[in-house]
Structure formats: C-alpha cells, structure tokens
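Biologist: Hello! Shall we walk through this structure together, one question at a time?

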Amino acid sequence: MTEISGSSSQAAANQVQVQVSKAVGLEFQDGGGQAPSPSLMKKAIHSQIKQMSDEVTNGLKQLYKQYIRPVEVTYKFGEFANSPPWEDADFDAPPMVVMLGQYSVGKTTFIRYLLERDFPGQRIGPEPTTDRFCAIMHSNQEKIIPGQAAAMDITRPFRALQRFGSGFLNKFEVVMCPSPILESIYFIDTPGVLSGEKQRIGRSYQFPQVIEWFAARADRILLLFDAHKLDISDEFSDAIKMLKGHDDKIRVVLNKCDLGKGEMCFCFDFFFSSLQMHRSNFKYI
Ligand SMILES: Nc1nc2c(ncn2[C@@H]2O[C@H](COP(=O)(O)OP(=O)(O)OP(=O)(O)O)[C@@H](O)[C@H]2O)c(=O)[nH]1
Ligand SMILES: [Mg+2]
C-alpha cells in the first residue's frame, strides 16, 4: 500500500487546483497568481463532471447500438417486453423522478418547492387539479410543448409514448422551465388517483399501463401520501401494483406533516401494514 506523505498529498492538491484553474481560464502559479474563487471552482468541477458523464453516456450508447440493440431486434424484445429499442434521447435525458399519489396529497406543490419557482401550467388547489401527465424539464425559456409534438420530437425521450395513442397524448405535456435542479433531473407530475368510477369513465387511455411505462423508465418513484389520510383506494392500489419489479426505485413520502404531529404518529403503524398488504415486499428503512 502506498502511503501518501504530507508533502506529496499537498502536491496532488496543488495539481488539482492548477487543473481547475486552467479549466476556468486563470493563471495559477506556485505562491504567485490568485487562487480561483469558490464559485469559479464549483463551475469548473461541474464542467469536468459533465465532460466525464458525456463520455460515459457516449460509451454506453455505442455499446448498446453495437451489441444489445441487434439482439433486441432479432428476438423482437420490444414487442414482448413492450419496450421499443432505445434512441439517443433516452440516453441523453437526465434521470427521471416520477411523483405518484392520490389527489391533493401535494405532488405539484412538492415539485414547485424543489424548483424554487412556479412553472407554466402549474395548478395547485384542494380539489383535484392536475388532470394530465406533465414532464417538467430544463430550458432557459418557459414553454409548454403539447404531448403530440413532444412524442414526435427525436431529441426528447417520449417517442415511445405514441403507443398510448392520441387519447393519452392529449393529456400529456412537456413543460420547459429555467430551474437549476432541472439540469440534473426532471420530474413527471401525474394526475391524482381518484377513487370510484368517475375517474375511469372520463379517461381515454389506460392509466395503469401508462404508470407501468413511466415506472420502467424512472430512476426514482416518489409515492406521496397525505400523513392525515393514510387509506389507500382501490385505484391507487392498482397503480401501486403496476410498480412491481421497480421496488428499489420507490420512496414513500408522508406529506403535510406540518398539520399536526400526534395523529400522524398514531396512524403510522396502521399505514405501514396497510401498504405492505398492497405490496408485501415494501420495507421500512
Ligand atoms: N399544510 C400543507 N398543505 C400542503 C402541503 N403540500 C400541499 N399542500 C396543499 O394541498 C393542496 C393540494 O396540493 P397539490 O400540490 O395541488 O396536490 P396534488 O397532489 O398535486 O393534487 P392533484 O394534482 O389534484 O392530484 C393545496 O391546497 C396545497 O396548498 C404541505 O406540505 N402542507
Ligand atoms: Mg397536482
């Protein structure tokens, strides 16, 4: 094992500093020039990370096209697994975070909080408000792209949504918004799951199948609950069942905890055992 002495670790640190200084366009000489400011250092480190992640993404694209895609096409994997071959946009998109929950649990408010700003088309209110699937992505200008247009665009990872037909695409939109967090991830806001027939009757697409598609593509699925209404409707239970096979991506969020502590603690054990009834392999971590 090589032991790094104080002087050699100092030399290594200086080398990193010199590289970062070069990346931000500053001359930094030993004991001489001015050290870069923390914000410039941060910018330089981000750009280095971006460069590395671009290299990894390009390598993955190449491996997929060369070795995996031909096998998928030969054995018609897309048709069996309901997942057409990946395109460049699927690799280039940042990680996807899907918000799921019954109506009015605070999904849209949660996204708004993380964006630290309002976004176009945002609807927040005590009654069922969000009536569509909405992908919230980064751009320097605010814009809403209708689902039909987004699903035709080869630079976006939504072309495979065409399979759900215009009934779904009319209820899907991409919202572009200049929030810094969206440079690293993007959100899918979903319509709240209502109980009873009224939801199913008015819908011209298969909600569970759409959830299944997003769950397969997602990197993180946040299941939101109102900490004071922990019952799970049949419809929401069906949606939870569609997440089968993606348990490692799921995190459960008990929202609206600011509304009073006592009741919430009382309900927690009941809630957790009820959740386990719907998906027995949920674990409390
Ligand atoms: N007290 C409290 N109220 C909240 C919190 N989060 C959301 N709300 C309120 O709950 C209501 C519903 O919030 P939304 O963000 O519209 O909920 P949603 O889950 O997106 O609702 P749908 O789109 O209809 O499914 C609004 O009146 C919010 O102001 C919270 O953490 N605490
Ligand atoms: Mg909403």
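**Strands, helices and a ligand**

Modeller: Gladly. Strand β2 (residues 133-138) and strand β5 (residues 186-189) pair over three bridges, in the antiparallel sense. Please keep in mind that this is a predicted model.

Biologist: Which residue of β5 stands opposite A135?

Modeller: Let us follow the pairing of β2 with β5, which is antiparallel. One bridge links C134 with its partner in β5, D189. For A135, the residue standing opposite in β5 is I188.

Biologist: In what sense do β1 and β5 pair?

Modeller: In general, strands of a sheet pair through backbone hydrogen bonds, either parallel or antiparallel. Here M96 stands opposite Y186 in β5. Over three bridges, the sense in which β1 and β5 pair is parallel.

Biologist: Are the residues Y186, I188, F187 and D189 of β5 buried or exposed?

Modeller: Think of β5 as having two faces, with Y186 and I188 on one side and F187 and D189 on the other. The cut-off for a buried residue is 20 or more other C-beta atoms within 10 Å of its own. Both faces of β5 are covered, and these four residues are all buried.

Biologist: Which strands stand at the edges of the sheet?

Modeller: The sheet is open and mixed in its pairing, with seven strands in the order β3-β4-β2-β5-β1-β6-β7. A strand with a single partner has one side left without a neighbour in the sheet, so the edges are held by β3 (143-146) and β7 (250-255).

Biologist: By how many degrees are neighbouring strands of this sheet turned against each other on average?

Modeller: Take the seven-strand sheet again, in its order from β3 to β7. With direction ignored, the average turn between neighbouring strands is 25°.

Biologist: Now to helix α2: where is its kink centred?

Modeller: Helix α2 covers residues 38-74 and has 37 residues. From its first C-alpha to its last it reaches 52 Å, close to the 54 Å expected. Still, α2 has a kink of about 45°, and the residue at its centre is K65.

Biologist: How many of the 37 residues of α2 are buried?

Modeller: We can count them with the cut-off of 20 or more other C-beta atoms within 10 Å. The helix lies largely in the open, because the number of its 37 residues that are buried is zero.

Biologist: What is phi of K76, and is K76 buried or exposed?

Modeller: K76 follows α2 and lies in the loop between α2 and α3 (77-81). Its phi is positive, near 50°, in a residue other than glycine. K76 has 9 C-beta neighbours inside 10 Å, so it counts as exposed.

Biologist: And what is phi of K256?

Modeller: K256 sits in the loop between β7 and α11 (261-278). With 17 other C-beta atoms within 10 Å, K256 is partly exposed. Its phi is a positive value in a residue other than glycine, near 60°.

Biologist: How many Å apart in space are A93 and T155?

Modeller: A93 lies in the loop between α4 (88-92) and β1 (96-101). In sequence, A93 and T155 are 62 residues apart. In space, C-alpha to C-alpha, they are 9.0 Å apart.

Biologist: Last one: which helix gives the most to the shell around ligand 1?

Modeller: There are 20 residues around ligand 1, and G106, T108, T109, T130 and G192 come nearest. The shell divides into seven nonpolar, ten polar and three charged residues. With three residues, the helix that gives the most is α5 (residues 107-115).

How values were computed: Residues are numbered from 1 along each chain as its sequence is written. Chains are lettered from A and ligands numbered from 1 in the order in which they are written. This is a predicted model: local features need pLDDT of at least 70, side-chain atom pairs count only at pLDDT 80 or more; totals for chains, interfaces and linings use all residues. A residue is near a molecule or strand if its C-beta atom, placed from the backbone, lies within 6 Å of it. Ala, Val, Leu, Ile, Met, Phe, Trp, Tyr, Cys and Pro count as nonpolar, Asp, Glu, Lys and Arg as charged, and the others, Gly among them, as polar. Two strands pair if DSSP finds at least two bridges between them. Axes are lines fitted to C-alpha atoms, for helices over the stretch in contact, and angles run from 0 to 180 degrees between N-to-C directions. The expected span of a helix is 1.5 Å times one less than its number of residues. The bend at a residue is the angle between axes fitted to the seven residues ending there and the seven starting there. A residue is buried if 20 or more other C-beta atoms lie within 10 Å of its own, exposed if 12 or fewer, and partly exposed in between; C-beta atoms are placed from the backbone.
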